[in-house]
Amino acid sequence: MSHIYIAFVDTPGFFAALIRRFLKQRYIHVVLGFDAELREAYSVGRRNPAVPVFAGFEKEDKGRILHTFPTAFYRICELDCTDVQKKELWERVQEDYRNRFRIHYAVLGLPFTMMNIPFYINNQYTCSSYIARVLQENGVVNFEKHFSVVTPKDFYVYKNMRVVYEGELSQIVAGISDSLSGSIRDGSVLYER
């Protein structure tokens, strides 16, 4: 049995506030990680954390995100998968990373997502639709709806995820969290695996 990690991100900013208001939840960005500390984590989001205009497929850089958003708050959840599923996900993500400048944020698809109308624009995704697609294609999750209308809220309420960390990004970057062999802790809460 293997695990992948879904990180939910709460960052300040005008665009984030709009999405947060629509979704009615704290966490509005979703990241796919291959380890609990998010050393290998990917998403469709800002290419530069300080510039919301340019967005696409990127490897998450916790240091840059922390520099731009010192109060960023994360919830990291663990999701079971098979060794084969994790390997296939890794290969898919690495292929997409090599072609990352062809994958863009689906700004034009946002109204369709809000109205729950499936859409697909070639190589354009929201953060949640990209992760939903690759996870559904590999049999890790089943949202029972088209990947394009999956929102961060769908991940947030998905029944098979276990919270392993919730706290400030600064604690992850500072190395306060334990390694994968143990637990991940924030300043006051310890989630056992």
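Let's start with one pair of residues: phenylalanine 8 has arginine 75, in strand E5, as its bridge partner. What you're looking at is a predicted model, so a word on confidence comes early. The protein chain averages a pLDDT of 84, and 85% of the residues score at least 70. Confidence is highest in helix H3 (residues 83-98), at 97, and lowest in strand E10 (residues 190-191), at a mean of 37. Over residues 178-193 the pLDDT is below 50, although this stretch has 38 contacts in the model beyond near neighbours in sequence. Where pLDDT is low, the predicted coordinates should not be read in detail.

Back to that opening pair. The bridge between phenylalanine 8 and arginine 75 belongs to a longer story: strand E1 (residues 2-10) and strand E5 (residues 73-81) run antiparallel, joined by nine bridges. E1 also pairs with strand E2 (residues 29-33), again antiparallel, through five bridges. One of the residues involved is valine 9, whose bridge partner in E2 is histidine 29. E1 is mostly covered, too, with eight of its nine residues buried. When you trace a strand like this, it helps to know that in a regular strand the side chains alternate between the two faces of the sheet.

Now zoom in on arginine 75. Is it buried or exposed? Arginine 75 counts as buried because its relative accessible area is 17%, under the 20% cut-off. What does its side chain reach? There's a polar contact of 2.9 Å with the side chain of glutamate 166, and another of 3.3 Å with the side chain of tyrosine 156. Leaving aside neighbours within four places in sequence, arginine 75 also has Ile6, Tyr27 and Val163 among its contacts.

Over in E2, histidine 29 is buried as well, because its relative accessibility is 16%. Its side chain makes a polar contact of 3.1 Å with the side chain of serine 43. Not counting residues up to four places away in sequence, histidine 29 touches several others, including Val44, Glu60 and Cys127.

That last one, Cys127, is a handy signpost, as it is one of the buried residues of helix H5. H5 (residues 127-137) is mostly covered: eight of its eleven residues are buried. Among them are Tyr130, Ile131, Val134 and Leu135. An α-helix has 3.6 residues a turn, so residues three or four places apart point the same way. Just after H5, glycine 139 takes a positive phi of about 70°.

So where do the nonpolar side chains gather? The largest nonpolar core has 35 residues, and Ile6, Leu32, Leu135 and Phe155 have the most contacts inside it. E1, E2, strand E3 (41-48), strand E4 (51-59), E5, H3 and H5 each supply at least two residues of this core. H5 gives the most, with six residues. Take isoleucine 6 as an example: beyond its neighbours within four places in sequence, it is in contact with residues including Leu32, Ile76, Ile131, Leu135 and Phe155. Apart from this core lies another one, of 17 residues, among them Leu38, Ala41, Ala72 and Tyr165.

Finally, a look at two cysteines. Cysteine 77 is buried, with a relative accessible area of 4%, and cysteine 81 is buried at 2%. How many disulfides are there? The count comes to zero.

Terms used: Residues numbered from 1 in each chain as written. Predicted model: local features only at pLDDT ≥ 70, side-chain atom pairs only at ≥ 80, totals over all residues. Heavy atoms only, no water. Buried < 20%, exposed > 50% of the residue type's maximum accessible area, 1.4 Å probe, protein only. Helix = DSSP H or I, 4+ residues; strand = E, 2+ residues; numbered from the N terminus. Pairing = 2+ DSSP bridges. Polar contact = N/O pair within 3.5 Å; in protein donor to acceptor, adjacent residues only side chain to side chain. Contact = heavy atoms within 4.5 Å. Disulfide = S-S within 2.5 Å. pLDDT = per-residue confidence, 0-100. Core = buried A, V, L, I, M, F, W, Y, C linked by side-chain atoms within 4.5 Å.
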